[in-house]
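Thanks for making the time. I have one structure to go through, and I will take it from the confidence values to the individual residues. Please look at the display while I talk.

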Amino acid sequence: TRILRPPAPPLSATLRRPTIHPSPAPALRKRQSAVFLTMENVLEKLKVLDYETTFCVKHHITPLARTSFALPAKNPSVQFKNFLDLVSWLCGEVSYFRPRPRRVC
């Protein structure tokens, strides 16, 4: 019995030069840097709220990096869960500092 193999690709196809992609447009680079700056601002505000001891310790996560929500993660579901936990914690902090409304009756 003979084993049939697929034909080999032509030699010219294997010796092609790799395609060089042009660098991102300046507008794209500007947007990317704006995302990182926004994340740095968010981290500074979280540090004012002392999130490292009140949030990170409670949820057993390391403090967030400046790329935590600026770039896609290896596991998006974990990234999304961390985001939801952070937002939930922030909502609790807001309700803690906000005075209760008075009844007008």
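Let me start with one residue, Cys56, which is found in helix H3. Its relative accessibility is 4%, so Cys56 counts as buried. If we leave out residues up to four places away in sequence, Cys56 touches Tyr51, Ile61, Thr62 and Pro63. I will come back to Cys56 when I get to the core.

First, the source of the coordinates: this is a predicted model. The mean pLDDT of the protein chain is 78, and 65% of its residues reach 70 or more. Which element has the lowest mean pLDDT, and which the highest? The lowest belongs to helix H1, residues 11-14, with a mean of 56, and the highest to H3, with 89. As a reminder, where pLDDT is low, the predicted coordinates should not be read in detail. Cys56, where I began, is in H3, the element with the highest mean.

Now the overall layout. The protein chain has four helices and zero strands, and along the sequence the pattern reads α-α-α-α. Of its 105 residues, 12% count as buried. The accessible surface comes to about 9700 Å², and carbon and sulfur atoms account for 63% of that. As for contacts in the chain with a separation of 6 or more, 50% of them are between residues 24 or more positions apart.

On to the core. Which residues make up the largest nonpolar core? There are nine: Met39, Leu43, Leu46, Tyr51, Phe55, Cys56, Leu64, Leu86 and Trp89. Three helices each supply at least two residues of this core, namely H2 (26-48), H3 (51-59) and H4 (76-97). Cys56 is one of the nine, and its contact Tyr51 is also on the list.

The next residue is Asp85, in helix H4. Is Asp85 buried or exposed? Its relative accessibility is 18%, and the cut-off for buried is under 20%, so Asp85 counts as buried. Leaving aside residues up to four places away in sequence, Asp85 touches Phe55 and His59. Phe55 is itself a member of the largest nonpolar core. Cys56 and Asp85 are 29 residues apart in sequence, and their C-alpha atoms are 10.0 Å apart in space.

Asp85 also brings us to the charged pairs. In general, side chains of opposite charge can pair when their charged atoms come close. How many salt bridges does a search of the whole structure find? It finds two. One of them joins the side chains of Lys81 and Asp85, at 2.7 Å from N to O. Both residues lie in helix H4, four residues apart, which is about one turn of the helix.

The other salt bridge is formed by Glu40 and Arg66, with the closest N and O atoms 3.3 Å apart. This pair links distant parts of the chain: Glu40 is in helix H2, Arg66 is in the loop between H3 and H4, and they are 26 residues apart. Glu40 has 28% relative accessibility and therefore counts as partly exposed. Arg66, at 40%, counts as partly exposed too. Asp85 in the Lys81 pair is buried, with a relative accessible area of 18%.

Staying with helix H4, let me turn to the surface. Phe80, Phe83, Leu84 and Val87 make a nonpolar surface patch of about 350 Å². One of these, Leu84, lies in helix H4. Leu84 has a relative accessibility of 42%, so it counts as partly exposed.

Last, two backbone points, both in loops. Asp50 has a positive phi of about 60°, although it is not a glycine. Asp50 lies in the loop between H2 and H3, and at 36% relative accessibility it counts as partly exposed. The second is His60, where phi is near 55°, again a positive value in a residue other than glycine. His60 lies in the loop between H3 and H4, and so does Arg66 from the salt bridge with Glu40. Is His60 buried or exposed? At 72% relative accessibility, His60 counts as exposed.

That is what I had. I can put any of these residues back on the display.

Definitions and conventions
Residues are numbered from 1 along each chain as its sequence is written. This is a predicted model: local features need pLDDT of at least 70, side-chain atom pairs count only at pLDDT 80 or more; totals for chains, interfaces and linings use all residues. Side-chain values use heavy atoms; hydrogens and water are left out. A nonpolar core is a set of buried Ala, Val, Leu, Ile, Met, Phe, Trp, Tyr and Cys residues joined through side-chain atoms within 4.5 Å. Buried means under 20% relative accessible area, exposed over 50%, partly exposed in between (1.4 Å probe, protein chains only). Contact means heavy atoms within 4.5 Å. Accessible areas come from the Shrake-Rupley method with a 1.4 Å probe; for residues, only the protein chains shown count as cover. pLDDT is the predictor's confidence in each residue, from 0 to 100. Patches are made of residues with over 30% relative accessible area and no salt bridge: like charges are joined within 9 Å, nonpolar side chains (Val, Leu, Ile, Met, Phe, Trp, Tyr) within 5 Å. A salt bridge is a side-chain nitrogen of Lys or Arg within 4 Å of a carboxyl oxygen of Asp or Glu.
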